[in-house]
Amino acid sequence: MQFGNTATTQVIGHVHSTESFGSVDGPGIRFITFMQGCRLRCEFCHNPDTWATRGGHDYTPQQLFDEAVQYQDFWGKKGGVTVSGGEPLLQIDFVIEYFKICKANGVHTTLDSCGGPFTRKEPFFSKFNELLKYTDLILLDLKHIDSDGHRKLTGQPNENILDLAHYLSDIGQPVWIRHVLVPERTDFDEYLIRLSAFVKTLKNVLKFEVLPYHKLGVYKYEALGIKYRLAGIEPPTPDRVENAKRILETASYSGYLTA
């Protein structure tokens with residue numbers, strides 16, 4: 001079925017893969033698109049095959065929507081589409097047009113981003129604000145609260161990412177915060193206390209999730225010939241995950257239940 005096409009340009013998106021029945025990347029059942037390209041080099045990344053900007057499958061926004069909407073009957077009242085990565089903001093023109101079509105057809109939109117490309121400089125800032133017109137929810141991945149720690153973990157500082165978090169709060173954009181708990185990197189009470197204090201300054205956080213580090217993507221590093229920098233580090237124990245949830249007070253962020 002061909003739904004309404006409101007795209008004004010024939011921009012092409014480079015898509016790594018899609019998932020038809022996602023249940024952890026936003027509310028309800030969702031059609032998830034993983035975009036190619038990411039400038040961060042997170043030590044715990046389980047999708048290093050998305051780092052390259054090129055590759056994957058080429059889509060127009062309408063083509064991606066036509067594929068996604070086939071599953072609309074399964075979304076219910078809360079489901080919809082999520083664009084993840086890689087880092088989707090590196091293909092912001094494509095995501096704008098895709099979300100524009102989604103909203104014209106009444107589809108809930110979620111952006112899953114680490115915020116790495118964010119800047120208040122032009123032309124990015126105007127494009128980002130255009131994207132927000134068609135974005136219902138942002139899943140913001142805060143990798144590390146400490147700038148030096150963030151640089152060690154991801155290869156990049158975090159000042160612009162924290163600025164993004166403040167900006168989204170100032171304009172009232174609904175956000176779910178996600179934080180990967182990594183032993184020997186982020187799993188220190190000092191960092192968790194600082195992260196908790198920072199998130200408390202934000203007025204728009206509907207949910208706060210702790211995601212335990214896992215090793216499910218290690219085989220991809222071997223296949224790509226990339227050194228895995230967290231070799232020997234095991235996932236956090238259940239008691240450390242609970243400790244993080246307690247310090248971060250994740251249970252107090254319950255706005256997602258009624259949103």
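A salt bridge here is a side-chain nitrogen of Lys or Arg within 4 Å of a carboxyl oxygen of Asp or Glu. This is a predicted model, where local features need pLDDT of at least 70 and side-chain atom pairs count only at pLDDT 80 or more, while totals for chains, interfaces and linings use all residues. Residues are numbered from 1 along each chain as its sequence is written, and side-chain values use heavy atoms, with hydrogens and water left out.

**Salt bridges**

Searching the whole structure turns up 19 salt bridges. Here are some of them:

| Pair | Closest N to O distance |
|---|---|
| Lys 100 and Glu 97 | 3.7 Å |
| Arg 178 and Asp 141 | 3.5 Å |
| Arg 194 and Glu 190 | 4.0 Å |

Let's start with Lys 100 and Glu 97, which sit three residues apart in helix H2, so about one helical turn separates them. (Helices, H or I with at least four residues, and strands, E with at least two, are DSSP runs numbered from the N terminus.) Lys 100 is buried at 15% relative accessible area, and Glu 97 is buried at 7%. Buried means under 20% relative accessible area, exposed means over 50%, and partly exposed is in between, using a 1.4 Å probe and protein chains only.

Arg 194 and Glu 190 are four residues apart in helix H6 (residues 189-200), again about one turn. Arg 194 counts as partly exposed, at 34%.

Arg 178 and Asp 141 do another kind of job: Arg 178 lies in strand E7 and Asp 141 in strand E6 (residues 137-141), so the pair ties together parts 37 residues apart in sequence. Both Arg 178 and Asp 141 are buried. Shared partners also join Asp 25, Asp 112, Asp 141 and Arg 178 into one salt-bridge network.

**Helix H2**

Why is H2 largely enclosed by the rest of the structure? Ten of its 13 residues are buried, so that's your reason. Among the buried ones are Phe 94, Tyr 98 and Phe 99. Just after H2, Gly 106 takes a positive phi of about 75 degrees.

**Cysteines**

How many disulfides does a search of the whole structure find? Zero, with a disulfide being a pair of cysteine sulfur atoms within 2.5 Å. The sulfur of Cys 45 has its closest cysteine sulfur in Cys 42, 6.3 Å away, so that is too far for a bond. Cys 114 is in no disulfide either, as the nearest cysteine sulfur, in Cys 38, is 5.0 Å away. Cys 45 is buried at 16%, and Cys 114 is buried at 6%.
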